[in-house]
Amino acid sequence: MLLSLMIFVPLLGMVVVLLLPRESEELIKRVTLLFTFIPLILAVYLFITYDRSTAASQYIANITWIEKFNINYHVGIDGLSVTLMLLTALLGPICVIASWRNIEKGIKAYMALFLMLETGMLGFFAAMDLFLFYVFFELTLLPMYFLIGVWGGPRREYAAIKFFLYTLFGSVLMLVAMIAVYLASGDPGARTFDIPTLIALASTEGHALNSLNFQIWVFLGFFIGFAVKVPIFPFHTWLPDAHVEAPTAISVILAGVLLKMGTYGLVRINMAMFPLGLDRFTNGSDFWGYSLALLGFINIVYGSFCALAQTDFKKLVAYSSIGHMGFVILGLAARNDTGVSGAILQMFNHGVISAMLFLLVGVLYDRAHHREINRFGGIGSKMPIYTGITTLAFMASLGLPGLSGFVGEALSLLGAFAKYKTLTILSTIGIVVGAAYFLWTLQRVFLGKLNPDYEDIPEINKREILTLVPLGILTILLGVFPHIIIDMFSVSVTELTNSLTEAIGTFQANL
Amino acid sequence: MVVLISIILLAPLTAFAVYALLGLANKGNPRQDVLSTFAMLAAFICSILLFWQIDPKPVPLTIDWISLGSITFSMGFYLDSVTVIMLIVVTLVSSLVHIFSMGYMHGDPRYPRFFAFLSLFSFSMLFLVVSDNLLGIYIGWELVGLCSYLLIGFWFEKDSAANACKKAFLTTRVGDVGMFVGMMMLFTKFKTLSLYDGANAGIFTLVEGLSGTGDMLWLSVAGILIFCGAVGKSAQVPLHTWLPDAMEGPTPVSALIHAATMVAAGVYLTARMFPILTTSSSLVIAYVGGITAIVAATIAIVRFDIKRVLAYSTVSQLGFMMLAIGAGSYVAGLFHLTTHAFFKALLFLGSGSVIHAFHAMHTHHDEEHTDDANHEHDDHSLVHEHGSEIPPDQDMRNMGGLRRKMPFTFITMLIATLSISGVPFIFSGFWSKDKILGGVLERAMEWNSIHHYILFVIALIAAGITAFYMFRLIFMTFFGEPKNQEMHEMAHESPWVMTVPLLVLAFLSFPVVNHLWFNKDFVKPPMQHHIHAPEHAQVLPDSKTHNTEFSLAFLGVSEANAAEGEENGHDSAHGADGHHGHSPAHTIAMILSIIVAGFGILLSWLFYHKRRLSAEAVSTTFRPVYNLFWNKYYFDEFYDGVLVALTVWKSRLYAQFDGSVVDGIVNGVGTVTRDVFAAFTGFFDNSVVDGIVNRIAEVTWTIGGRIRRIQTGAIQTYLFVVIGGIVLIILIFRVL
């Protein structure tokens with residue numbers, strides 16, 4: 001019940017917002033803020049009450065939805081879901097505050113769509129039924145499309161449609177795989193979309209789902225769907241375009257939460273449901289056995305080098321996201337406790353840090369009305385607070401120990417190293433290049449002689465600081481006490497890796 | 001003990017936090033200097049108290065930091081004699097630098113920020129020192145790097161400073177990545193990053209279980225990779241180029257971070273990792289140290305910027321320390337670390353005092369860089385500018401005859417110079433350097449190892465050069481006639497806040513204090529189980545019992561060494577620090593080191609004081625050698641011209657590939673798909689052809705709020721694709 005409340009409160013908020021008159025903009029903003037605050041409070045409640053000692057799903061609600069196809073409204077959370085729901089709920093109000101002044105036209109539609117988006121994201125992380133999972137996945141697509149396409153920058157239509165079609169392409173493959181799984185799950189009438197049931201069936205010896213060949217194909221179907229979302233090379237080119245055109249708050253959600261939907265899906269479906277398929281791509285015995293780790297490595301190095309070449313501040317941050325998501329992929333490919341925990345932690349921390357980065361880019365853009373890194377210079381002497389916060393965010397993002405970005409990255413690498421020595425060592429190139437592009441940007445924007453054009457650039461204001469401070473505090477707090485988040489999911493991760501090892505072991509023993 | 005260590009760590013951290021919080025609220029803290037200085041003094045007092053409390057046995061305090069299934073990363077403190085010595089050195093030098101800065105930085109527009117950064121640095125450094133595990137050390141390690149970055153770039157309006165701080169961070173990060181890979185290797189093998197035994201066995205215990213050649217190779221590689229971190233941080237060749245550029249930071253920073261503490265952290269790390277060093281990794285460390293010692297020393301003799309001379313001198317001295325540890329002289333390396341911390345901090349602060357004297361207006365930045373103003377912004381590149389003009393107030397060619405104007409600065413700097421040059425018996429530097437030279441020679445004789453003979457000769461030459469360039473600095477700065485009358489007129493002795501720290505450090509350059517702790521086996525080397533004498537080595541079991549050294553009982557040195565000798569006598573084959581003044585090696589080394597130091601000073605006197613010899617003539621005669629030294633062996637040219645340029649070129653290539661090929665394919669697929677759909681559904685209007693995916697937008701979607709139409713379009717497409725998908729499934733199932 002609590003979970004459903006949390007998921008649908010934003011949707012209720014959307015209805016309320018739609019009923020409000022178009023002119024009362026302040027009221028609309030406040031109502032939206034309220035309706036994004038409620039999930040945050042509930043998320044904090046979940047964070048406190050969540051039982052960390054078990055991997056079993058909690059706060060379960062399971063209601064029959066479409067009886068004919070055995071589709072249920074089944075929601076519940078484990079350590080991974082609760083972590084990401086917390087992230088989503090946290091970024092909600094921050095994005096609303098960040099949109100307070102920047103959205104000039106159609107605030108009503110904007111806020112309504114934003115609330116719908118939040119429901120989609122929260123529902124996605126809680127869904128325990130494959131069909132429901134898919135519905136929520138698609139539910140995030142439409143609002144995002146309009147938010148970029150209507151309130152975006154000059155090339156918004158191109159970016160929005162590219163985003164939409166690309167994700168659609170991925171989700172169609174996912175749909176195909178999903179239906180295949182459904183059809184294979186049993187005889188007509190006994191078929192199911194229920195994720196826990198499917199996970200159990202997929203590891204049951206002799207079941208149709210427990211076939212290597214079948215698992216490889218459905219694994220690929222889901223994988224491509226999620227890979228577009230992460231995004232994994234070579235499916236990533238929608239991301240820089242979408243980011244550059246999206247308004248600040250939408251970039252924050254995009255980088256902060258939407259990318260995590262991809263990696264969350266990889267863990268929830270690809271890893272948990274298809275251990276044999278996973279094994280094919282992560283067993284480290286031949287080329288295909290290295291492929292997932294290889295993709296992680298490519299993301300890290302390729303993303304970092306591309307970021308180094310960017311001169312648009314926002315595009316640089318977007319490419320840095322590609323690089324950082326590579327660490328998640330690499331950690332998952334390790335499929336051991338350390339690697340998977342590192343990957344999940346990296347998801348959360350990247351959500352926080354990239355949100356900060358996009359907010360910071362927005363602050364500068366609102367003042368200078370451009371994002372060309374080379375046209376700034378010496379801003380540090382005019383905006384000391386802004387410079388301080390940016391330095392914090394950059395340092396967190398480049399993985400400075402003591403800040404949150406380091407822990408996830410380090411654990412992912414440590415985990416991956418146990419399995420893929422060479423690839424992991426090569427991936428550390430990304431750490432150096434990551435430092436290079438952030439420090440170079442820091443120098444070009446903030447250090448050196450003040451560019452006379454920005455003689456009167458105003459310091460960051462209170463509202464902007466308000467959006468950044470909670471994230472900044474989290475970055476430091478989780479850098480010093482990472483177990484606050486790790487404890488949430490460590491039991492779930494151990495359970496996952498154990499059942500993976502078991503399923504793969506059993507299958508191989510029977511060969 | 002827990003209370004003391006908490007105060008030591010939290011006092012400077014609190015000082016920084018106060019600044020950060022007030023800064024966020026847009027209120028400055030005008031008295032940050034007092035706050036930071038008191039925090040540091042409190043930490044110093046607590047360190048002294050710890051020194052008296054320290055048990056001979058180490059006291060571990062550990063908590064679980066991260067637990068993942070079966071793996072636990074713990075964080076904890078480890079206190080032994082070495083830790084406490086480091087704590088005292090760091091807090092003492094830091095306190096003195098804080099006090100000095102009150103004078104030196106007075107009037108700077110970002111005066112409070114400077115002290116806040118110093119506090120953050122001190123916290124990070126202390127955290128590094130007391131950590132009992134590699135992860136904790138790594139955290140402190142990177143945080144000191146951050147502070148170094150912030151402080152080198154403190155006057156960030158100067159392009160040279162902005163370049164230097166970036167270079168420092170990136171260069172050290174290259175080393176740090178190596179260190180991280182080394183950590184991953186150790187972790188993969190041992191499932192822990194704790195060094196000492198806690199709830200579970202630590203690395204130093206587990207490593208004893210290793211044997212066999214495969215394990216040894218693996219351990220050697222891990223050791224060398226960890227050492228990479230030290231190469232970066234302690235500015236060893238080939239990652240040394242950032243340290244001279246780091247002199248762009250305010251001089252107190254150079255004294256604290258880039259001479260006494262942070263750069264010594266690499267030596268400290270290497271010493272901490274002593275138990276895992278194998279014969280081959282030790283030899284690599286020794287060679288890197290030896291080469292660094294001589295390369296940096298030769299560069300130092302041709303520099304004119306007073307701070308650069310000192311910077312290269314630091315690099316060279318750090319090389320000595322690394323050489324000592326690599327050669328197995330653990331105690332000698334750490335001993336030199338502490339003596340060097342004091343006299344080098346003194347030399348830097350002294351040079352700061354000189355610069356300050358030449359720079360009475362307190363405008364440390366801006367003015368001399370007006371020619372940079374027309375620097376175009378687009379010109380910022382990853383390629384660093386170097387060989388840039390020396391600021392006039394740091395150019396030794398503008399100095400001379402300052403000894404009468406600045407008596408305190410002169411006397412104290414002279415003491416430090418005598419110490420670093422190795423003038424015998426009454427200066428601390430002599431003892432520590434002699435221990436290093438003796439240790440290397442002893443290892444050479446003990447193992448009959450040609451490598452160590454070579455290293456000994458290198459170190460001896462470097463020691464002679466050290467004496468030469470240090471006296472060159474003294475003669476050029478304080479003796480002779482003033483070269484620049486106008487600047488000389490302006491020069492004045494610095495205020496007491498600056499001279500008092502100089503006097504304290506000068507006092508510490510005498511052996512009194514340093515010998516207190518490197519005495520009576522307060523510091524004992526850990527066992528090195530993996531060091532084996534080379535096969536051909538002839539271990540002389542009686543090499544310990546010679547009794548021919550100088551009797552310097554008044555300094556307590558010989559007793560200490562005697563005790564150590566007996567302790568380690570039975571362990572000599574394992575080579576755990578078998579250095580002591582008794583062996584002939586130490587006697588020979590001592591005599592030779594006195595000779596080379598004397599020779600270096602004599603030459604310097606002939607060149608730069610008496611002017612009997614002409615430096616210009618020599619440099620003309622040996623033009624190619626001079627050019628090599630002057631151009632710093634072309635390291636910067638290689639890095640900027642090749643490595644950085646390649647990286648930037650590669651990044652542009654990747655970005656272009658991304659834009660044209662990867663995205664091109666995406667857009668191409670988009671076009672084809674759209675055309676197929678268009679043919680199929682007839683929904684798309686083919687009349688407008690401009691752009692690729694854009695066209696879909698133009699057709700399906702007009703901005704004027706016609707949302708309904710786009711929805712229809714999208715959903716039709718959507719349905720079409722869904723149906724297509726279902727058809728595909730059926731096909732697949734037929735095939736299966």
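**Exercise 1. Classify the environment of A:Ala393 in this predicted model: is the residue buried or exposed?**

Solution. Around A:Ala393 there are 27 other C-beta atoms within 10 Å. The criterion for a buried residue is 20 or more such atoms. A:Ala393 is therefore buried.

The residue belongs to helix H16 of chain A. Leaving aside residues up to four places away in sequence, A:Ala393 touches A:Ile353, A:Met356, A:Leu357 and A:Leu360. A:Leu403 lies 10 residues from A:Ala393 along the chain, and the two C-alpha atoms are separated by 9.1 Å.

**Exercise 2. Determine how helix H14 (residues 313-334) of chain A and H15(A) are packed: what are the angle and the distance between their axes?**

Solution. The two helices pack at an angle of about 175°, and their axes are 8 Å apart. Angles over 145 degrees count as roughly antiparallel, so H14(A) is roughly antiparallel to H15(A).

Next, consider the residues that meet. H14(A) contributes residues including A:Phe313, A:Val317, A:His324 and A:Phe327, while those of H15(A) include A:Gly339, A:Met347, A:His350 and A:Leu357. By class, the contact of H14(A) with H15(A) comprises 13 nonpolar, eight polar and one charged residue.

**Exercise 3. Test the length of helix H12 (residues 279-300) of chain B against the expected rise of 1.5 Å a residue.**

Solution. The helix has 22 residues, and its expected span is 32 Å. This follows because the rise is multiplied by one less than the number of residues. The end C-alpha atoms of H12(B) are 31 Å apart, in agreement with the expectation. As to its surroundings, H12(B) is mostly covered, with 16 of its 22 residues buried.

**Exercise 4. Describe the pairing of strand E1 (residues 58-66) and strand E2 (residues 71-77) of chain A.**

Solution. E1(A) and E2(A) pair in the antiparallel sense, over six bridges. One of the bridge partnerships joins A:Asn62 to A:His74 in E2(A). The strands form a hairpin with four residues between them, and in the turn A:Asn70 has a positive phi of about 60°.

**Exercise 5. Characterise the contact between chains A and B: how many residues does each chain provide?**

Solution. Chain A provides 59 residues and chain B provides 61 residues. On the chain A side, the helices that each supply at least two residues include H7 (156-184), H15 (337-368), H16 (384-397) and H21 (483-510). H7(A) gives the largest share of that side, 13 residues. Sorted by class, the side of chain A that touches chain B holds 35 nonpolar, 19 polar and five charged residues.

How values were computed
Residues are numbered from 1 along each chain as its sequence is written. Chains are lettered from A and ligands numbered from 1 in the order in which they are written. This is a predicted model: local features need pLDDT of at least 70, side-chain atom pairs count only at pLDDT 80 or more; totals for chains, interfaces and linings use all residues. Two residues are in contact if their C-beta atoms, placed from the backbone, lie within 7 Å. Ala, Val, Leu, Ile, Met, Phe, Trp, Tyr, Cys and Pro count as nonpolar, Asp, Glu, Lys and Arg as charged, and the others, Gly among them, as polar. A residue is buried if 20 or more other C-beta atoms lie within 10 Å of its own, exposed if 12 or fewer, and partly exposed in between; C-beta atoms are placed from the backbone. Axes are lines fitted to C-alpha atoms, for helices over the stretch in contact, and angles run from 0 to 180 degrees between N-to-C directions. Angles under 35 degrees count as roughly parallel, over 145 as roughly antiparallel, 65 to 115 as roughly perpendicular and the rest as oblique. Two strands pair if DSSP finds at least two bridges between them.
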